[in-house]
Amino acid sequence: MAGIKVFGHAASISTRRVLLTLHEKNLDFELPFGKVPAFEDGDLKIFESRAITQYIAHRYEGQGTNLLQPDSKNLAHYAIMAMGMQVEAHQFDPLASKLAWEHVFKLIYGLTTDQAVVAEEEAKLAKVLDVYEARLKEFKYLAGDTFTLTDLHHIPAVQYLLETPTKKLFTERPHVNKWVAEITKRPASQKILQ
């Protein structure tokens with residue numbers, strides 16, 4: 001399927017979200033260098049990583065890993081997954097991305113980590129992870145007992161944060177720690193680290 005192209009920087013959290021989805025679906029693609037994640041599949045051209053991942057999951061539902069709920073026609077199950085994606089986008093990602101900026105990207109650009117910002121954002125992220133811990137006591141994954149886009153969307157930021165002192169927020173919560181280990185050991189997760 002040489003018709004799929006992803007435009008974005010391979011280190012970008014948003015671009016990695018799209019690359020993970022393509023790897024989970026076992027799809028061939030090109031990654032020309034670009035500045036923002038954009039996607040071409042034949043004549044279709046879209047941007048915004050979460051919209052791209054949802055398109056891929058639906059368009060290629062029968063190929064590779066099913067990233068939707070097992071019964072994708074069950075609206076209640078789909079709504080739980082969609083709710084999880086919204087929580088990731090609006091509660092988890094803004095905090096995790098800020099922490100990745102402070103711990104990882106600032107160092108790449110020769111800037112100094114602002115420890116006050118780190119402390120503030122870690123306190124906020126801890127509250128989100130407390131909610132995740134409660135959810136993961138009941139289910140293996142955030143949207144239920146199967147890996148879905150809800151989990152996949154977390155992986156790029158989590159991978160960066162596991163290489164920083166913020167890792168402690170994940171490891172000190174046993175169910176979150178187990179979930180993080182599970183989602184980051186996936187073959188697709190390992191491919192984007194190469």
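Here are some short exercises on the predicted model above, each with a worked solution.

This is a predicted model, in which local features need pLDDT of at least 70 and side-chain atom pairs count only at pLDDT 80 or more, while totals for chains, interfaces and linings use all residues. Residues are numbered from 1 along each chain as its sequence is written, and side-chain values use heavy atoms, with hydrogens and water left out.

**Exercise 1. Trace the sheet**

Work out the order of the strands in the open sheet and which strands are its edge strands.

*Solution.*
- Start with the terms: helices (H or I, at least four residues) and strands (E, at least two) are DSSP runs, numbered from the N terminus. Two strands pair if DSSP finds at least two bridges between them.
- Next, the order: the open sheet has three strands in the order 1-2-3, with antiparallel pairing.
- Then the edges: strand 1 (4–7) and strand 3 (44–47) each pair on one side only.
- Finally, the twist from one strand to the next averages 15 degrees. Angles run from 0 to 180 degrees between N-to-C directions, using axes that are lines fitted to C-alpha atoms, for helices over the stretch in contact.

**Exercise 2. Match the bridge partners**

Find the residues that stand opposite each other, beginning with the partner of Phe7 in strand 2.

*Solution.*
- Strand 1 and strand 2 (residues 38–41) are antiparallel and share four bridges.
- Along this pair, Phe7 is matched with Ala38, and Val6 faces Phe39.
- Move on to strand 2 and strand 3, an antiparallel pair that is also joined by four bridges.
- Here Phe39 is bridged to Ile46, and Glu40 to Lys45.
- Strand 2 and strand 3 form a hairpin with two residues between them, and Gly42 in the turn has a positive phi of about 65 degrees.

**Exercise 3. Place two helices on the sheet**

Which strands does helix 1 touch, and which strands does helix 2 lie across?

*Solution.*
- Helix 1 (residues 13–24) packs on the sheet and touches strand 1 and strand 2 (contact means heavy atoms within 4.5 Å). The direction of helix 1 makes about 160 degrees with that of strand 1.
- Helix 2 (residues 49–59) lies across strand 2 and strand 3, at about 135 degrees to strand 3.

**Exercise 4. Look for unusual phi values**

Which phi values do Asn26 and Glu48 have, and where do these residues lie?

*Solution.*
- A reminder first: most residues other than glycine have a negative phi.
- Asn26, not a glycine, has a positive phi of about 55 degrees. Asn26 belongs to the loop between helix 1 and strand 2, and its relative accessible area of 54% makes it exposed (buried is under 20%, exposed over 50%, partly exposed in between, with a 1.4 Å probe and protein chains only).
- Glu48, also not a glycine, has a positive phi of about 80 degrees and sits in the loop between strand 3 and helix 2.

**Exercise 5. Classify two helix pairs**

Decide how helix 4 is oriented to helix 3 and to helix 8.

*Solution.*
- The cut-offs: angles under 35 degrees count as roughly parallel, over 145 as roughly antiparallel, 65 to 115 as roughly perpendicular and the rest as oblique.
- Helix 3 (residues 75–108) and helix 4 (residues 115–138) pack at about 150 degrees, with axes 9 Å apart. They are therefore roughly antiparallel to each other.
- Helix 4 and helix 8 (residues 174–184) pack at about 80 degrees, with axes 8 Å apart. Helix 4 is therefore roughly perpendicular to helix 8.
- In that second contact, Leu129, Tyr132, Glu133, Leu136 and Lys137 of helix 4 meet Pro174, His175, Val176 and Trp179 of helix 8.

**Exercise 6. Find the surroundings of His154**

Is His154 buried or exposed, and what is it in contact with?

*Solution.*
- His154 lies in the loop between helix 5 (149–152) and helix 6 (155–161).
- His154 counts as buried because its relative accessibility is 0%.
- Beyond its neighbours within four places in sequence, His154 contacts Glu88, Phe92, Tyr132, Leu142, Trp179 and Ile183.
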